[in-house]
Amino acid sequence: WRKARGLPYALARCSECGHIAVCDRERSPAQNEAIQLDTFDVAFARRSGVFVSFYENINNRRTARALRFDPRSNVLEVGPGSGSLMAYLARLGHKVTGLDLSETVVSAIREKLGLNACVGTLAQHAADTGDARYDIIIMRHTLEHIYEPIPALEDTFKLLRPTGKLYIAVPNMDSWHRVFPGWNGYAFDHMHYFRQQSLHIALRRVGFSVISSHTYESITGWANSLIHSIPSLGRTLGTALPNPGSNNLNLKTTRVFARNSLEIARCTFGLLLSPLRWVQGGLGRGEELVMIAMKPAS
């Protein structure tokens, strides 16, 4: 199973809830942190482009609609990436803070956007800031990277005010994409693979009440899974795109044109598959699993 999907480590599956995780003998907490810092480096923090902004805008608006923010909410985003969601929420009048392990990511958010971001873990942030601080905590594609998710969820519980909300998005192991070895959900830097049942159990165990659960199928999900699952197609596309390290202006221009053409093709393919995507998401088989949980009032 793991070898067919290009994962170089052993995985364990829970016989009760179906949750899948990297075996602890395969990776220590220190090794996992090093992998995360290596993955989310300068290139990740400073990525940009028309299509990057296009996809981020779609996801930012989708997240805001799902949460139905109260005016002037105090929001913490764990693993803020480029900081685009933080910037979007700040423009809406909310107070936003970012938290990440990577100094590179935090520095990029501070320099480019002028927003508040800090380096550290959830446990460190809880110790530094105190309990019941935030109205909303957002973890989009972050929980699957954390070595021990239950303690991390316990820290979010402490940081939230009563009736505060936690927004979680993770790759969905109930997705139809799980049969494809090239699905983006299979990644070397992922520590955990959640199903709806296992994530629901984890949130209830900490004390949250799950108030919303759904899956989402992105516009590029099927194109990505198919392209990355066919080695010959991936090699062809890789050959078609000029070397990104080249200093030749013509080659760089060609690369930008080729990349944009590929993105247009992926989006067009996704639009044509829209009926399938809508059915897939409605049946709980979309590639992204989203849950919103609430901390009880007492």
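When I say in this talk that two elements meet or are in contact, I mean that they have heavy atoms within 4.5 Å of each other. The model on the screen is a predicted one, and I will go through it by way of two helix pairs and the sheet.

Let me start with helices α3 and α4. In α3, which spans residues 50-67, the residues Glu56, Asn60, Arg61, Thr63 and Ala64 meet Ser84, Leu85 and Tyr88 in α4. Sorted by class, the residues of this contact are three nonpolar, three polar and two charged. The two helices pack at an angle of about 55 degrees, and their axes are 10 Å apart. Since angles from 65 to 115 degrees count as roughly perpendicular and those under 35 as roughly parallel, this angle makes α3 oblique to α4. As for the handedness, α3 passes α4 in a right-handed crossing.

Staying with α4, which covers residues 84-91, how many of its eight residues are buried? Six of them are, and the helix is mostly covered; the buried ones are Ser84, Leu85, Met86, Ala87, Tyr88 and Leu89. You will notice that Ser84, Leu85 and Tyr88 also belong to the contact with α3, but α3 is just one of the elements covering the buried residues of α4, and the cover also includes β3, β4, α5 (103-113), β5 and β6. After α4 comes Gly93, whose phi is positive, near 100 degrees.

Several of those covering strands bring us to the sheet, which is open and is formed by seven strands in the order β5-β4-β3-β6-β7-β10-β9, with mixed pairing. At its edges are β5 (116-119) and β9 (209-216), each of which pairs on one side only. If direction is ignored, neighbouring strands of this sheet are turned by 15 degrees against each other on average.

Going along that order from the β5 side, strand β4, residues 95-100, pairs with β5 in the parallel sense over four bridges, and Thr97 has Asn116 in β5 as its bridge partner. Towards the other side of the sheet, the pairing of β7 with β10 is antiparallel and has seven bridges, with Val290 in β10 as the bridge partner of Ala169. β9 and β10 also run antiparallel and are joined by seven bridges, and there Tyr216 stands opposite Glu288 in β10.

So is strand β10 largely enclosed or largely open? Because six of the seven residues of β10, which runs from 288 to 294, are buried, the strand is largely enclosed by the rest of the structure.

The second helix pair leads on from the sheet, since helix α7, residues 149-159, lies across β3 (74-78), β6 (134-140) and β7 (160-171), and runs at about 145 degrees to β7. Its partner is helix α6, residues 122-129, and the two pack at an angle of about 25 degrees with their axes 9 Å apart. An angle under 35 degrees counts as roughly parallel, and α6 and α7 are therefore roughly parallel to each other. Here the crossing is left-handed as α6 passes α7, whereas the crossing of α3 past α4 is right-handed.

Which residues make up the contact of α6 with α7? Leu122, Ala123, His125, Ala126 and Thr129 in α6 meet Ala152, Asp155, Thr156 and Leu159 in α7, and by class that gives five nonpolar, three polar and one charged residues.

Notes: Residues numbered from 1 in each chain as written. Predicted model: local features only at pLDDT ≥ 70, side-chain atom pairs only at ≥ 80, totals over all residues. Heavy atoms only, no water. Axes fitted to C-alpha atoms, helices over the stretch in contact; angles between N-to-C directions. Parallel < 35°, antiparallel > 145°, perpendicular 65-115°, else oblique. Left-handed = near helix turned anticlockwise from the far one by under 90°. Nonpolar A, V, L, I, M, F, W, Y, C, P; charged D, E, K, R; others polar. Pairing = 2+ DSSP bridges. Buried < 20%, exposed > 50% of the residue type's maximum accessible area, 1.4 Å probe, protein only.
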